[in-house]
Amino acid sequence: MSMSPFELHRPDDLLSAVRLLEKYGDDAVLHMGGTELLLLMKLGFAQPGHLIDGKRIADLKRLEVADDRLTIGAGVTHRRIERHRDIAHMMPALVSLEKAVANIRVRNAGTLGGNLCFAEPHSDPATLLAALDATVDLVGPQGGRTLPLREFLIGAFATALAPAEIMTRITVPLPRVGARVGYHRLALKERPTVAAAVVLDDRRCEVWIGALTAKPLPVPEAAAVLASSAGRDVTAAAEATRAAVLAVDAGEGDDYRAQLASVMVRRAVADAQPRLAL
Amino acid sequence: METEFTLNGHAEVVDAPDHELLIDTLRARMRLTGTKRSCDVEICGACTVLRDGQAISACTTLTADVDGADVVTVEGLADGDELHPVQQAFVDHSAAQCGFCTPGMVMSVVALCLEYPDADEERIKEYLSSTLCRCTGYVKIIEAAQQALEQM
Ligand SMILES: Cc1cc2nc3c(=O)[nH]c(=O)nc-3n(C[C@H](O)[C@H](O)[C@H](O)COP(=O)(O)OP(=O)(O)OC[C@H]3O[C@@H](n4cnc5c(N)ncnc54)[C@H](O)[C@@H]3O)c2cc1C
Ligand code: FES
Ligand code: FES
């Protein structure tokens, strides 16, 4: 497989990158780890004339851990998150999720921002970060804006990114200390086949199913059951998940997919670990 | 575009088209054919090289993306006739059959030794699960990794 020629640009700052993306329009694409982009190009699915390398933009590589939130630059690699001690301590579910993404080489090159901006339906982080209600910061020709990830993701390979817009960072608000967070996936191939993320807090529970639908699927009925039973009524939550998946899935109408999703919810609850203080 | 990097300890400057892939620079331009191309889609690990000590897939990395980096391929491991401890461990444990995955396996184990010198079996499996072997069944490779970790 070989790629058609392009010109590589290496801006040092965000503004120059946005200007380059604006200048070359549809013929330009942001290049980070390239783990998705270069594959597409090798397969001939994309033939941009200009690659704008974002890896020299220091702003995109910041990673900050605070008591109440993680602030992760869009250019931070999976591997950096996976090996971050404070994140492992506070949010073990995110670290074990990251450890299962792809393989070591893809995690060494691929970025969290690249994963979310590519919006492959089989994304691991999208599901957990949607459950945690993460927000994403975007910067473009018109300035900056912040969107909930739940709104940023529109569908398969579709996001709210406007032309020449760049995701700069992902902010993950952390549930209170003691709340439990769990993620469980089944992967028959490289990427997750089906996954579930749960947040179990007194005041707020979340249940999200990943990889089955074009974007992560919230299951508020299952979340409500868990919230009213202090996280204990897993059987009812699994049943609610099965019903919810069958309802959206009407087209493909597959009991097996609904069954898998309900089992993932059970396992995510079983795997859930308490969020610890920094 | 010119790419300046260190390759197996030597400073190199390569003037290649922007779209050239690292595996082609290594194999076709530098004639270092130890790095293998197999799946070409970042799954198998036959093309594993180290960039600043981290394993990457040379099949899906732009040569331009190693600018300023320290790159090590399987050819850079041995010191003359003296094999690198990881290579020696593969020999000692007969950890290869057809051998096509072996350069990538060796590079993955080198990355493991650099990143987790105290790796336990679970960690070894985590690294090796990133690299595919269709012949050996992995047991010998795990034993080789254990020996290498002890010796390094
Ligand atoms: C073999 C394989 C297995 C995989 N397995 C998994 C898995 O198990 N689970 C999982 O979740 N993922 C998996 N992935 C996906 C992986 O997580 C992504 O490939 C990686 O995170 C993409 O990041 P990147 O920096 O390489 O993106 P790139 O390839 O550089 O970019 C991807 C796309 O996003 C755009 N983009 C990137 N960053 C930004 C930004 N900051 N702002 C705006 N646009 C941007 C680019 O323009 C491009 O269109 C797998 C990938 C491969 C190749
Ligand atoms: S050839 Fe690069 S990972 Fe398979
Ligand atoms: S020895 Fe043949 S593929 Fe591993």
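## The A/B interface

In this predicted model, chain A and chain B bury about 2,500 Å² between them, and 50% of that area sits on carbon and sulfur atoms. If you want to know who does the heavy lifting on the chain A side, look at Arg83(A), Ile104(A) and Arg105(A): together they supply 25% of the area that chain A buries against chain B, more than any other three residues. In terms of contacts, 30 residues of chain A meet 31 residues of chain B.

There is plenty of polar pairing to go through here. The rule finds seven salt bridges across the interface of chain A and chain B, and 19 residue pairs in polar contact, both partners at pLDDT 80 or more. As for where the chain A side comes from, strand 1 (7–9), helix 2, strand 3 (50–53), helix 3 (78–82) and helix 6 (104–109) of chain A each give two or more residues to the side that touches chain B. Helix 6 of chain A gives the most, with six residues. Sorted by class, the chain A side that touches chain B has eleven nonpolar, six polar and 13 charged residues.

For a concrete pair to click on, try Arg10(A) and Asp67(B), whose side chains meet in a salt bridge at 3.8 Å, N to O.

## Around ligand 1

Now for the ligand. Chains A and B both contribute residues around ligand 1, so the site is shared between chains. The surroundings come to 36 residues, and the ones that come nearest are Leu30(A), Thr35(A), His78(A), Thr111(A) and Asp124(A). By class, the shell around ligand 1 splits into 18 nonpolar, eleven polar and seven charged residues.

Which elements of chain A each supply at least two residues of that shell? They are strand 2 (28–31), helix 2 (37–42), helix 7 (112–118), helix 8 (124–131) and strand 10 (166–173). Helix 7 of chain A has the largest share, with five residues. Helix 2 of chain A turns up twice in this story: it is on the list for the ligand shell and also on the list for the side that touches chain B.

## Polar contacts to the ligand

Three atom pairs are worth a look. A backbone N or O atom of Leu30(A) lies 2.7 Å from an oxygen atom of ligand 1. Asp124(A) puts a polar side-chain atom 2.7 Å from a nitrogen atom of ligand 1, while for Arg191(A) a polar side-chain atom lies 3.4 Å from a nitrogen atom of the ligand. As for cover, ligand 1 taken alone exposes 970 Å², and the protein buries 95% of that.

## Salt bridges

Over all chains, a search of the whole structure finds 26 salt bridges. One to check is Glu36(A) with Arg191(A), where the side chains meet at 2.9 Å, N to O. This pair links distant parts of the chain, 155 residues apart. Glu36(A) sits in the loop between strand 2 and helix 2 of chain A, and Arg191(A) in the loop between strand 11 (180–186) and strand 12 (194–200). Arg191(A) is also the residue with a polar side-chain atom 3.4 Å from a ligand 1 nitrogen.

Conventions: Residues are numbered from 1 along each chain as its sequence is written. Chains are lettered from A and ligands numbered from 1 in the order in which they are written. This is a predicted model: local features need pLDDT of at least 70, side-chain atom pairs count only at pLDDT 80 or more; totals for chains, interfaces and linings use all residues. Side-chain values use heavy atoms; hydrogens and water are left out. A residue is near a molecule or strand if one of its heavy atoms lies within 4 Å of it. A polar contact is a pair of N or O atoms within 3.5 Å; within protein, one must be able to donate a hydrogen and the other to accept it, and residues adjacent in sequence count only if both atoms are side-chain atoms. Accessible areas come from the Shrake-Rupley method with a 1.4 Å probe; for residues, only the protein chains shown count as cover. Helices (H or I, at least four residues) and strands (E, at least two) are DSSP runs, numbered from the N terminus. Ala, Val, Leu, Ile, Met, Phe, Trp, Tyr, Cys and Pro count as nonpolar, Asp, Glu, Lys and Arg as charged, and the others, Gly among them, as polar. Contact means heavy atoms within 4.5 Å. Buried area is the accessible area (1.4 Å probe) that two parts lose on being put together, summed over both. A salt bridge is a side-chain nitrogen of Lys or Arg within 4 Å of a carboxyl oxygen of Asp or Glu.
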